[in-house]
Amino acid sequence: MTLDRRFVILRSHTEIKLSHMRTKTLLLTAALCAAGAATSMAQVYSVNMVGYINQSIPAGFSMIANQLNNSPDNRIASLFPAPADQTRIYKFNGAGFTIAEYADGEWNPAGLTETLAPGEGAYIFAPAAFTHTFVGEVALTSAVNLPPGFSMIGSTLPQSLPLTGTPPAGLGYPIGDGDKIYRFDGVGFIISEFADGEWNTPIPTPNIGEGFYAFNNGAAKSWNRTFSVGP
Amino acid sequence: MKKLIPLLVLVGAMASYAQDATVNFNNNVFTPSRFVTYSGSGAPVTGTNLSAVLLYGTSAASLTAHTIPARFRVTTTSQPGTWNGGTRTLNGIPNTPQTVVQMQVAVYDNTRFASYAAALAGGGILGTSTIFTYTVPTPPLGPSDTDMANFTAFTIVPEPSVIGLGLIGAAALFMLRRRK
């Protein structure tokens, strides 16, 4: 910079001419807006489904199923971190029950690792009626093992549909001759048997969040479901 | 030998399929309650120093102690008189519906004896229930089907330390009254 005897406006060497830049910025902003608008107009699908189920659990015994993959896991202690004192969960193990009890502020037995994952059913004993909120992700692909004889299961998907209909109209249960479904009504069982190609009752339609006994009259098989999200 | 191999394979396969019966070893599932209480005071038993052990077998004359005892609950529990049990597998008892099993419950102090066997040998059994039967249920199982339906309430004698404290208290009261 050279000294001048007159008063002049001195411009720094780093001066930026804004007039051209303003035009460029405006054009870029307009382009971005156009791109954003185009994106928002197009249909976008999520690759997963998350949500929650508010399930009413009556006082006494009922049979439940968890139909959402909980985070971080599906352990009973994670699903029910602090239920009412004397809440008990009974999981059928093929011979009897594996029992978890919440008493005196903790789940027993200590170090309980028992789960209630989608596809598994269990009895729950509630000292008083309450509403439980299951939170998590829907299993888009699932398989429930059905060994010969009895197993306590539930649908992996939160749908209340006829058990044996073909999806999406039904739950796609792989029924076989002589198979039975036992739904617990708080006192006893509502028994449905599939024989000679038909049910002896209306097709069982479990409620959302309901567990039930399945009696497999044949060899081991699997109840597979695939649920698609989007078109 | 050639005939033995298929036989052994068959026996092995049968053994792998065999499943032992189980029982819900809990006394907090009954209405009306079937508590374990102290003889004399009638107070329901609490304290994690006390263990309940399940004895079982096909004959009442030869009962086997289950290897996993259950502790009674903390003194502040909402369920005094009950132990903190759970499912117990009855080793050697087939899970054949309607099989009848003889059972009994015994209580000992786990701070004085490491096991039921040690308590039995050392005269530390504080009380036992009457022998009762358990029938292996037929599937599908209702939630109460594996409960010990024929179990009845029983009493145990207070531990020596409890008796001692009681005697000291009584003596102190007696001394106080004499001074007055």
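In strand S13 of chain A, the bridge partner of A:Tyr182 is A:Tyr213. This pair of tyrosines is a friendly place to enter the structure, which is a predicted model. The two strands concerned, S10(A) and S13(A) (residues 211-216), are joined by three bridges and pair in the antiparallel sense.

Strand S10(A) covers residues 180-184, and four of its five residues are buried, so the strand is mostly covered. A second partner of S10(A) is strand S11(A), residues 189-195; five bridges join the two, again in antiparallel fashion. One of the pairings between these strands sets A:Ile181 against A:Ser192 in S11(A). Together S10(A) and S11(A) make a hairpin, with four residues between the strands. In the turn of this hairpin sits A:Gly186, whose phi is positive, at about 100 degrees.

Stepping back from the hairpin, the reader can trace the sheet to which these strands belong. It is an open sheet of five strands, in the order S9-S13-S10-S11-S12 of chain A, with antiparallel pairing. What stands at the edges of this sheet? Strand S9(A) (149-154) and strand S12(A) (198-199) do; each has a single partner strand, so one side of each is left without a neighbour in the sheet. S12(A) pairs with S11(A) over two bridges in the antiparallel sense, and there A:Phe194 stands opposite A:Trp199 of S12(A). As background, the strands of a sheet pair through backbone hydrogen bonds, either parallel or antiparallel.

Chain A also holds another open sheet of five strands, ordered S2-S6-S3-S4-S5, and its pairing is antiparallel. Its edge strands are S2(A) (60-65) and S5(A) (106-108), each of which pairs on one side only. From one strand to the next, the twist of this sheet averages 20 degrees. Within the sheet, S3(A) and S4(A) are linked by six bridges in the antiparallel sense, and A:Thr87 stands opposite A:Tyr102 in S4(A).

For chain A overall, the model shows two helices and 14 strands. Buried residues account for 31% of the 231 residues in this chain. The contacts of chain A reach far along the sequence: among those between residues at least 6 apart, 73% join residues at least 24 apart.

The nonpolar interior can be followed next. In soluble globular proteins, nonpolar side chains tend to be buried together. The largest nonpolar core here has 36 residues, and those with the most contacts inside it are A:Ile76, A:Ile89, A:Tyr90, A:Ala122, A:Ile124, A:Phe212 and A:Ala214. One of these, A:Ala214, is in contact with A:Leu146, A:Ser151, A:Ile153 and A:Ile181 when its neighbours within four places in sequence are left aside. A second, separate core has 29 residues, including B:Val36, B:Ala52, B:Tyr134 and B:Phe151.

Where do the two chains meet? In the interface, 21 residues of chain A are in contact with 20 residues of chain B. On the side of chain A that touches chain B, the elements giving two or more residues are S3(A) (87-92), S4(A) (97-103) and S6(A) (121-126). S4(A) gives the most, with four residues. By type, the residues on this side of chain A are 14 nonpolar, five polar and two charged.

Chain B offers a loop residue to look at as well. B:Gly142 lies in the loop between strands S10 (132-135) and S11 (154-156) of chain B. Why is B:Gly142 classed as partly exposed? The reason is a count: 16 other C-beta atoms lie within 10 Å, whereas a buried residue would need 20 or more and an exposed one 12 or fewer. B:Gly142 and B:Gly81 are 61 residues apart along the chain, and their C-alpha atoms are separated by 25 Å.

Finally, confidence varies along chain A. The average pLDDT of the chain is 87, and 81% of the residues score at least 70. Confidence is highest in S6(A), at a mean of 98, and lowest in helix H1(A) (residues 18-41), at 57. Two stretches of chain A keep a pLDDT under 50. Residues 1-6 form one of these stretches, and the model has one contact beyond four places in sequence for them. Residues 10-19 of chain A also stay under 50, again with one contact beyond four places in sequence.

Conventions. Residues are numbered from 1 along each chain as its sequence is written. Chains are lettered from A and ligands numbered from 1 in the order in which they are written. This is a predicted model: local features need pLDDT of at least 70, side-chain atom pairs count only at pLDDT 80 or more; totals for chains, interfaces and linings use all residues. Two residues are in contact if their C-beta atoms, placed from the backbone, lie within 7 Å. Ala, Val, Leu, Ile, Met, Phe, Trp, Tyr, Cys and Pro count as nonpolar, Asp, Glu, Lys and Arg as charged, and the others, Gly among them, as polar. pLDDT is the predictor's confidence in each residue, from 0 to 100. A nonpolar core is a set of buried Ala, Val, Leu, Ile, Met, Phe, Trp, Tyr and Cys residues joined through C-beta atoms within 7 Å. Two strands pair if DSSP finds at least two bridges between them. Axes are lines fitted to C-alpha atoms, for helices over the stretch in contact, and angles run from 0 to 180 degrees between N-to-C directions.
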